[in-house]
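Let's take a friendly walk through the enclosed spaces of this structure. Have the model open beside you as you read.

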Amino acid sequence: MPYTLCVILFMVGLYAVATKRNLIKIVIGFIIMENSANLLLIMLGYRAGGRAPVAFRDGVGDAATAFAQSAVDPLPQALVLTSIVISLGVTALMVAICLRVYQRYGTFDISEIRRLRG
Amino acid sequence: MNNQPQQPVQEMTAGMSIVVQTVTRWVKSFIFLFGLYIVCFGHLTPGGGFSGGVILCCAFILMMLAFGRERALRRLPLGRAGVLDSVGALAFLVIAVVGLFIGGVFFANWLAVPAAAALQRLCAAIGVEPFHLLSAGTIPLCNLAIALKVCTSLFLVFAVLAMLRVEQQEQEE
Amino acid sequence: MSIETLSIILLLFIIVGALIAIETPDLLSAVICLGTIDIGFTILFLFLKAPDIAITQMVVEVVCLVILIRATIRRDKAVVTGERQFFGLMVTLAVIAVLALFTLRAVPFLGEFGAPVFTRVESAPAARYLSDGVKDTGAANAVAAVILDYRGYDTLGEATILFASVVGAVALLRRKPRKEVQEADL
């Protein structure tokens, strides 16, 4: 059930990118899509009753096996860390493009931009 | 040059009210310190180079928003921010390549499992062991390089964004 | 209350917030709604036992919000509605519904909530990362060990992408203001 809601959230973001005419709404749609994909990855790595993947003090011997038996998956968390920082860079670039478009055409509306030339 | 367009530029770069400026003057050092803690202890507690670098940048962003662009740029000029950005990225790459030469594979952790005897003696002399600050080989060094890179990159983006707004204000007059 | 119920409630909150952020005509309110959605994500990451990700998501969201607010403030023009293309909207919604249908049919293959891959498949690398992480790398934080030692090459790619996007944004936005051409800026 949580996976289903994540997919629905992704579709909401896709709807914003595909139908909205305001550039900032399109950027908001992209942000929603990226965040829902990250959330799906982390939900895939969750272990019921698990703990955070930070080892406890005596991390060798059988405390190590206890840690390995009870921690959540660290691999999706590492990938999502990468993905969140990438989404920051992509958002900054998209907003830079929107600002230049606003400076040139005076509006954020994409149908106006298509009509004006030169 | 008439003085009238000077007024909006002064307002634009003047920042916010006196309450915000006073609070910022006290709080920005704590934000910077917290960011440094997240970066330095990234191999022991949650955090690491990326989130710590963004927190460090937030201190500079707060300064830019509260005091205006000019004072923030006096602390960290644009040219220096660009150079530090490249230095951070190059440091990360140099650590990886040194791993190739010492450890045999690209990105080998050449301090934690030292292949060379000299490094082994150095580590034993310093007293490197897990769960302490000085542990985990090249991981803290990588964290520092990445934090430097992320902090200065985002600061550059903000400074240029603020400059664009100043120019926009001038064109609208 | 189990984590599954909690994540369903928070996801419903996030979906409602996302719909409000998309549909509201005022740009500043949409950006503020985006801020509340991101706080919902942070709380959800905390409950899913991912504190690294929660910290990163929180601060990255703050930076994204400040960038977006600086872009949209004093720039709201009333959106010119014109003629709403009903047919185009219906076709788009139909395509999205078909995509959603196919994706939802694939969701049961992901496995049940709370059983990650390395508990079901014996050869998954994550089990080795957890059990040998402290011994191989010396780092207590398993996520830091994964991103900077076991999977360091991915981090190099990420640093490159961040560098390229920031250089692109600065190159797009950068033009010396006319007032400061006389003074030596850099």
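In this predicted model, helix H3 of chain C gives the largest share of the lining of the largest cavity, five residues. H3(C) spans 51-72, and three other helices also supply at least two residues each: H2 (27-47) of chain C, and H2 (23-44) and H4 (74-105) of chain A. If you would like to find the spot on screen, look for A:Ile31, A:Asn35, C:Asp38, C:Val60 and C:Cys64, which are the closest to the cavity centre among the 13 lining residues. The space they surround is about 110 Å³. As for chemical character, the lining is made up of six nonpolar, four polar and three charged residues.

How many cavities of 30 Å³ or more does a search of the whole structure find? The search finds seven, and the second largest is worth a visit too. It holds about 50 Å³ of space.

Chain A contributes A:Leu81 to the lining of this second cavity. From chain B come B:Gly42, B:Gly47, B:Gly48, B:Gly49, B:Phe50 and B:Asn143, while chain C brings C:Asp52, C:Val143, C:Ala144 and C:Ile147. Two helices give two or more residues here, namely H3 (49-67) of chain B and H7 (142-150) of chain C. Of the elements involved, H7(C) gives the most, with three residues. Sorted by class, the residues around this second cavity are five nonpolar, five polar and one charged.

How values were computed
Residues are numbered from 1 along each chain as its sequence is written. Chains are lettered from A and ligands numbered from 1 in the order in which they are written. This is a predicted model: local features need pLDDT of at least 70, side-chain atom pairs count only at pLDDT 80 or more; totals for chains, interfaces and linings use all residues. Side-chain values use heavy atoms; hydrogens and water are left out. On a 1 Å grid over the protein atoms alone, a cavity is a set of points where a 1.4 Å probe fits but cannot get out, and a pocket is an open set with protein on both sides within 12 Å along at least five of seven lines; lining residues have an atom within 4 Å of a point. Grid points are joined across faces, edges and corners, and a volume is the space filled by probe spheres set on the points. Helices (H or I, at least four residues) and strands (E, at least two) are DSSP runs, numbered from the N terminus. Ala, Val, Leu, Ile, Met, Phe, Trp, Tyr, Cys and Pro count as nonpolar, Asp, Glu, Lys and Arg as charged, and the others, Gly among them, as polar.
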